[in-house]
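Work through the exercises below with the sequence and the structure open. Each task is followed by a solution in steps.

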Amino acid sequence: MLLQRNKLGSVRPPKRCRSDMDNTSTSDIVIINGNSHPDLANMVAERMGLKNGGCSVFHKSNRETIVEISDSVRGKDIYIIQTGTKDANNNIMELLIMAYACKTSSARSIVGVIPYLPYSKQCKMRKRGCIVSKLLAKMMCTSGLTHIITMDLHQKEIQGFFDIPVDNLRASPFLLQYIQESIPDYRNSVIVARNPGVAKKANSYAERLRLGLAVIHGEQKEAESDEVDGRYSPPPTRNSTPQHAPSSSRTRTTSVSVGVPEHPVKVKPPLTIVGDVNGRIAIMVDDLIDDVMSFVAAAEMLKENGACKIYVLATHGLLSSDAPRLLEESVIDEIVVTNTIPHEIQKLQCHKIKTIDISILIAEAIRRIHNKESMSYLFRNVTLED
């Protein structure tokens, strides 16, 4: 499958003809969408030979969300295409209200197609915070969703928060194909992990492309803004030791005379590169590009170590705040993301951003789920490290 470029420089796989959707009963499929990414919803509906369902989502003057579905959804399979953007809270409320509206209108099944799941990075307990992605999963299940289709979750374990089936699609085949067909002399490349946490994903890319691997270790220490809230206060010191313990047990027991021992402070070393990038094309891979300061710092380190060109590939291009300007001024040569998140405005501010269309993958996932076919074809050759 060859990639095609349109006038805006986006990369899009060729459209599937209507015959590709043979044996698909589309009379009871309804595709609706919110305001997050209508272009993606229209592309998916077009690939399936369907018309986008009539659903209006708007906000009142007090910012309440109103959903109006003009077509009947009784006894039909509903697919709600709604992704996460910078306006994540409104995206979530629109999805929940659309799902609940379909549920109370007697829809047979309601599948949430969420290419980028909001709050997916808040999937671990942080100090006195909470696991927000679990709360979001409970809300989605309660609203009436019966199935979730998403792509490249930040952590695969997020699927365990849902009480409904979750299909976590992979964008790596599209990105691997881009490397092979659009990066000149890609055999002289090295896959780079921006930090040790991305090493498994980078190693998977390196093994498939039969390329070398480099890992950037160390980063600037984050500021501790909550050191005065009492969590770091030491416990009272107790110098006395129990006198009633037998002498034989004292020889085998180590006591601490200063109370509870203190955890050693983590000191992250300065940025260093484990691997050889001198004279090579450096390809950084990740699942999300949002705050680009770490990418820019890593690119400067790679350039200082002799990398001739630097590419950044990721599934989700959120690109918040002044990320386009920072990328435009950086030493990064090209940033490649998929269209799971709309970023046309960012592309106008940074000519280095290229887009890969993944609507064909979403359309195929919807077709297989509707026809009760196996999804394993979409996950072929996928390992645990992906």
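**Exercise 1.** In this predicted model, decide whether Gln346 is buried or exposed, then list its contacts.

Solution.
- Step 1. The relative accessibility of Gln346 is 7%. The cut-off for buried is under 20%, so Gln346 counts as buried.
- Step 2. Gln346 lies in helix 9, which covers residues 344-349.
- Step 3. Leaving out residues up to four places away in sequence, Gln346 touches Lys86, Leu318, Leu319, Pro324 and Ile353.

**Exercise 2.** Compare the span of helix 3 with the expected one, and find where its buried residues lie around the axis.

Solution.
- Step 1. Helix 3 runs over residues 132-143 and has 12 residues. From its first C-alpha to its last it reaches 17 Å, close to the 16 Å expected at 1.5 Å a residue.
- Step 2. Its buried residues are Val132, Ser133, Leu136, Ala137, Met140 and Ser143.
- Step 3. Viewed down the axis of helix 3, these buried residues fall within an arc of 140°, so they line one face of the helix.
- Step 4. An α-helix has 3.6 residues a turn, so residues three or four places apart point the same way.
- Step 5. Leu135 and Thr142, on the other side of helix 3, are exposed.
- Step 6. What does the buried set pack against? The partners are helix 2 (88-104), strand 7 (109-114) and strand 8 (147-151).
- Step 7. Just after helix 3 comes Gly144, with a positive phi of about 125°.

**Exercise 3.** Describe how strand 8 is covered and which strands are joined to it.

Solution.
- Step 1. Of the 5 residues in strand 8, 5 are buried.
- Step 2. Both faces are covered: one side carries His147, Ile149 and Met151, the other Ile148 and Thr150, and all are buried.
- Step 3. Strand 7 runs parallel to strand 8 and is joined to it by 4 bridges. Val113 has Ile149 of strand 8 as its bridge partner.
- Step 4. Strand 9 (residues 166-169) also runs parallel to strand 8, with 4 bridges between them. Here Met151 has Leu169 of strand 9 as its bridge partner.

**Exercise 4.** Which handedness does the β-α-β unit of strand 7, helix 3 and strand 8 have?

Solution.
- Step 1. Start from the strands: strand 7 and strand 8 run parallel.
- Step 2. Add the helix: the buried residues of helix 3 pack against strand 7 and strand 8, among other elements.
- Step 3. Together, strand 7, helix 3 and strand 8 form a right-handed unit.

Conventions. Residues numbered from 1 in each chain as written. Predicted model: local features only at pLDDT ≥ 70, side-chain atom pairs only at ≥ 80, totals over all residues. Heavy atoms only, no water. Helix = DSSP H or I, 4+ residues; strand = E, 2+ residues; numbered from the N terminus. Expected span 1.5 Å × (residues − 1). Buried < 20%, exposed > 50% of the residue type's maximum accessible area, 1.4 Å probe, protein only. Arc of directions from axis to C-beta. Contact = heavy atoms within 4.5 Å. Pairing = 2+ DSSP bridges. Right-handed = clockwise from strand over helix to strand, strands pointing away.
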